[in-house]
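Hello,

Here is the structure I promised to pass on to you. Have a look at it first, and then read on for what turned up.

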Amino acid sequence: MRTDPRRRQLEIARDDLRRRLSRLAVHVDAGGGSGDFIDSAHAMEQEDTATRGVEIVARELAQVERALQRCDEGEWGWCIDCRRPIAPARLRALPEAIRCLVCQRLAESGVEIH
Ligand SMILES: [Zn+2]
């Protein structure tokens, strides 16, 4: 089976993120249950940082996996909002991009209603 080089790039990014995630997850696990009261505040702080790191990497991983899925569906490289092709330069810099620059800016600026 022929592998699309762009897909390969996404797979490499996904594997890298998975490795980072498993390393961070180990760190989060190690933070709990040590029973050392003196270090507990410091440990909690470290655990907190690691937990935030896990969240960030997990979010990136979800984006890359979504892009891979879109590759399989033949949808990769097309904006999910305006259905126009995403600029090749943008895809090179951000293979997991699912929106063109215009739609991405719109999504980031206006859609979040609290
Ligand atoms: Zn668009």
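Below are the findings, grouped by topic.

Please keep in mind that this is a predicted model.

**Helix 2**

Helix 2 is a good place to start. It covers residues 40–72, and its 33 residues, at 1.5 Å a residue, should span 48 Å. The C-alpha atoms at its two ends are 46 Å apart, which agrees with that expectation. Ten names are worth marking in your viewer, since they are the buried residues of helix 2: Ala43, Ala50, Gly53, Val57, Leu61, Val64, Ala67, Leu68, Arg70 and Cys71. Just past the end of helix 2, Gly74 has a positive phi of about 75°.

**The core between the domains**

In soluble globular proteins, nonpolar side chains tend to be buried together. The largest nonpolar core here has 16 residues. Those that touch the most other members are Leu10, Leu17, Trp76, Cys79, Ile86, Leu91 and Cys100. Helix 1 and helix 2 are the elements that give two or more residues to this core, and helix 2 gives the most, with 6 residues. Where does the core sit with respect to the two domains? Domain 1 (1–76) and domain 2 (78–114) both supply residues, so the core lies between them.

Cys100 deserves a second look. Leaving aside residues up to four places away in sequence, Cys100 touches Cys79, Cys82, Ile86 and Arg90. Cys79 and Ile86 are also among the core residues with the most contacts to other members.

**Salt bridges**

The model has 8 salt bridges in total, and three of them are described here.

- Arg7 and Glu11 pair at 3.0 Å, N to O. The two residues are 4 apart in helix 1 (residues 5–31), so about one helical turn separates them. Glu11 is buried, as its relative accessible area is 15% and the cut-off for buried is under 20%.
- Arg18 and Glu65 pair at 2.8 Å, N to O. Arg18 belongs to helix 1 and Glu65 to helix 2, so this bridge ties together parts that are 47 residues apart in sequence. Both partners are partly exposed: Arg18 has a relative accessibility of 40%, and Glu65 has 31%.
- Arg83 and Glu75 pair at 2.7 Å, N to O. Arg83 is partly exposed at a relative accessible area of 45%, and Glu75 is partly exposed at 25%.

There is also a network: Arg7, Arg8, Glu11 and Asp72 are joined into one by salt bridges that share partners. The Arg7–Glu11 bridge from the list above involves two members of that network.

**Helix 4**

Which residues of helix 4 (residues 101–110) are buried? They are Cys103, Gln104 and Ala107. Viewed down the helix axis, these buried residues fall within an arc of 105°, so they line one face of helix 4. That buried set packs against helix 3 (88–93). On the face turned away from the buried side, helix 4 carries the exposed residues Val102, Arg105, Leu106 and Ser109. Val102 and Leu106 are thus listed among the exposed residues, alongside Arg105 and Ser109.

If you would like to follow the same route through the model, begin with helix 2, move on to the core, then the salt bridges, and end at helix 4.

Best wishes

Definitions and conventions: Residues numbered from 1 in each chain as written. Predicted model: local features only at pLDDT ≥ 70, side-chain atom pairs only at ≥ 80, totals over all residues. Heavy atoms only, no water. Salt bridge = Lys/Arg side-chain N within 4 Å of Asp/Glu carboxyl O. Buried < 20%, exposed > 50% of the residue type's maximum accessible area, 1.4 Å probe, protein only. Core = buried A, V, L, I, M, F, W, Y, C linked by side-chain atoms within 4.5 Å. Domains from an automatic or database assignment. Contact = heavy atoms within 4.5 Å. Expected span 1.5 Å × (residues − 1). Arc of directions from axis to C-beta.
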